[in-house]
Amino acid sequence: MKELKNAFLSEIYKLRHLSIVWITFVAFAMVPIMGGVIMFLIQNPGLIPKSSILNIKTSMLSTPVNWGSYLSLYLSQGAGIAGIIVYGFVASYLFGREYSDHTYRDLLSLPISRTKQLNAKFIVYIIWCLSLAISDLILGFIVGGILNLPGWEYNVILGITKIYFVTVLIVMALGTWISFFALWAKGYLAPLGFLIVILMLAQFIPYTGWGHYFPWSIPGIYCGGAGEDLRNLLNGWSYFSLLITSLIGYILTIGWWKYSDQP
Amino acid sequence: MKVIEAFNLTKRFKDLIAVNNISLEVETGEIYGFVGLNGAGKTTTIRMLLKMLKPTQGTVLLFGKDIDKKFDRWNDVGYIVEATYAYPNLSVRENLEIFFYLRNLKNKQLIDSIIEKLKLENYQNTKAKHLSLGNLQRLGLAKALMHSPKLLFLDEPMNGLDPAGIIEVREMLKELSRQGTTIFISSHILGELAKLATKIGIIHKGRLVRQLKSDELEKVLIKKLIIDTKDNTQVIKLLKDKNIPAVQNDKSELEVYDNQAINKPELICEWLVNAGVPPRTFYAFEEDLESFFMRTIKIEENNA
């Protein structure tokens, strides 16, 4: 336990003076802010020039302007899609930086085992992603408060917050594959490439009718972004495929770092 | 006590045999100089000794323990492998703090003392990305030495150091060796290695072609007298009369390999003066590690 704690402390130290940490918070903050802007425009359609795409989009949206729709549409669904990108970036940075900084060799022959070193990185990943999620939720409440959105109902807010955090956890769980690709390809590029491919597949596969079994489509479906009908298709096997996929990613990450050659 | 034992180490990368059946032993307090051309297999061997690469064949024991089986003595090992790198966003002190945690150390004074020892006081708050190559190398050495390891693997530790830095590090390594630290060092600066190493291993094309202790090395290094006079033919005759063979080299100078002559050069000088052929050039030449290394490699190439 002491070794894991020390590995964790070293990981925290490594993040000092890094602008990348704040950049991820700013990037993720775009979700509630942009959601708030759209809510504001729906509230005040006269402010949008007629030629604007937003105007067209806004007119298409028959979204009710209230806390429920704001948190559900722009926070949970935002987490489901933007989360895959931002959390993927966090994982690729945490696990790929040792190669881009060329420091990975310094970590290989130490008293703290390689598994514990990676577990420490996963703990930092979880804390970083949860902090992003909490900061977005707080920001969402602030934006909603500023917009003076109606319909603050405790049960509705609690239900959506629960969906939000489960979506966040689902997205986080899939980060194990990003960590594996970062170690396997020794840097950031491959995991980011993997992320782009997987995002395209996550959008495409639901059209085939199998989206509720494809792990990277599940966050979008779970948060309601693909509609209630699709969400109702999620079943035990959907969550099992998610769990297994995450676990395989974790095992591959640990196994690769532990057993592969590190030239 | 044998600190490093490698048995039949082989490493293949697809069709390339980077290291071929190397066996070596290093005793406590020895400084093992590992010499080879670029691509000879030095770094691959060091990486296998540090469990960074899995040997295709062979076993490594450090402190008598197999590094593949629950090896628990990594805190007795310090290392620099190839170039030194550090976390660029962190200062010298912060970089050392990371390894303070990763090595489960308890006394933070160790950071201060290694900063002082490697003369990094003025740079302790400088970010690694702003350090000169020499100071980055000092940081690498600080990371390798902070926990007072009993075994040091140093791959090109003198890289980037200025002449004063090289001398400081050399003296520090000698002192560590005197205190019982075993050092396995590779360097392109063979003159430096010759001043340090108590044992030399020459690796060529993945094979350990020669291994010898420094006193053995002393015996196999070529020693000769170089003589040049106005009449070298006469000198050859004169020396032949004294049973001292001399040969003419491609610069038309004379080379004398006779031990008696090498040990008493003043006698030869006296004979030459008395015979009316005083030397214009007269010096004793002793082969250095660099020449010995090149000669060994050449023999190896010819035998191949």
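A helix is here a DSSP run of H or I with at least four residues, and helices are numbered from the N terminus. The legends below concern a predicted model.

**Chain A as a whole, a chain of 11 helices and 0 strands.** Followed along the sequence, the elements of chain A give the pattern α-α-α-α-α-α-α-α-α-α-α. The radius of gyration of chain A is 20 Å, close to the 18 Å that the globule rule gives for 263 residues, so chain A is as compact as a globular protein of that length. The C-alpha trace of chain A spans about 65 × 40 × 40 Å along its principal axes. Of its 263 residues, 40% count as buried. Among contacts in chain A with a separation of 6 or more, 78% are made by residues 24 or more positions apart.

**Helix α5 of chain A and the residue A:N148 just after it.** Helix α5 of chain A covers residues 114-146 and has 33 residues. From its first C-alpha to its last, α5(A) reaches 48 Å, which is close to the 48 Å expected at 1.5 Å a residue. Just beyond this helix, A:N148 takes a positive phi of about 55°.

**The loop between α1 and α2 of chain A, with A:H17.** The loop that holds A:H17 joins α1 (2-14) to α2 (19-43) of chain A. Although A:H17 is not a glycine, its phi is positive, at about 60°. A:H17 counts as partly exposed because 13 other C-beta atoms lie within 10 Å. Across the chains, A:H17 is one of the residues in contact with B:N89.

**Chain B as a whole, with 11 helices and 14 strands.** The C-alpha trace of chain B spans about 75 × 45 × 35 Å along its principal axes. Of the 304 residues of chain B, 40% count as buried. Among contacts in chain B between residues at least 6 apart in sequence, 69% join residues at least 24 apart. The mean pLDDT of chain B is 90, and 100% of its residues reach 70 or more.

**Strand β1 of chain B, with B:N8.** Strand β1 of chain B runs over residues 2-13 and includes B:N8. The phi of B:N8 is near 50°, which is a positive value in a residue other than glycine. Is B:N8 buried or exposed? A residue counts as exposed if 12 or fewer other C-beta atoms lie within 10 Å of its own. B:N8 has 12 other C-beta atoms within 10 Å and is therefore exposed.

**The side of chain B that touches chain A.** In this view, 25 residues of chain B are in contact with 24 residues of chain A. The elements of chain B that give two or more residues to this side are β6 (77-80) and α2 (92-102). The largest share, 5 residues, comes from α2(B). By class, the side of chain B that touches chain A has 15 nonpolar, 3 polar and 7 charged residues. For the complex, the predictor gives an ipTM of 0.84 and a pTM of 0.87.

**B:N89 in the loop between β6 and α2 of chain B.** With which residues is B:N89 in contact, leaving aside its neighbours within four places in sequence? They are A:H17, A:L18 and B:K127. B:N89 is partly exposed, since 19 other C-beta atoms lie within 10 Å. Measuring from C-alpha to C-alpha, B:N89 and B:T198 are 39 Å apart in space, and 109 residues separate them in sequence.

**Helix α11 of chain B, with its buried and exposed residues.** At 1.5 Å a residue, the 15 residues of α11(B) (residues 289-303) should span 21 Å, and the end C-alpha atoms are 21 Å apart, which agrees. The buried residues of this helix are B:L289, B:F292 and B:F293. These residues cover an arc of only 100° around the axis, which puts them on the same side of α11(B). An α-helix has 3.6 residues a turn, so residues three or four places apart point the same way. The buried residues of α11(B) pack against β3 (31-36), α6 (190-196) and β9 (199-204) of chain B. On the face of α11(B) turned away from its buried side are the exposed residues B:K298, B:E301 and B:N302.

Methods:
Residues are numbered from 1 along each chain as its sequence is written. Chains are lettered from A and ligands numbered from 1 in the order in which they are written. This is a predicted model: local features need pLDDT of at least 70, side-chain atom pairs count only at pLDDT 80 or more; totals for chains, interfaces and linings use all residues. The expected span of a helix is 1.5 Å times one less than its number of residues. A residue is buried if 20 or more other C-beta atoms lie within 10 Å of its own, exposed if 12 or fewer, and partly exposed in between; C-beta atoms are placed from the backbone. The arc is that of the directions from the helix axis to the C-beta atoms. Two residues are in contact if their C-beta atoms, placed from the backbone, lie within 7 Å. pLDDT is the predictor's confidence in each residue, from 0 to 100. The radius of gyration is taken over C-alpha atoms; the globule rule is 2.2 Å times the number of residues to the power 0.38. Ala, Val, Leu, Ile, Met, Phe, Trp, Tyr, Cys and Pro count as nonpolar, Asp, Glu, Lys and Arg as charged, and the others, Gly among them, as polar.
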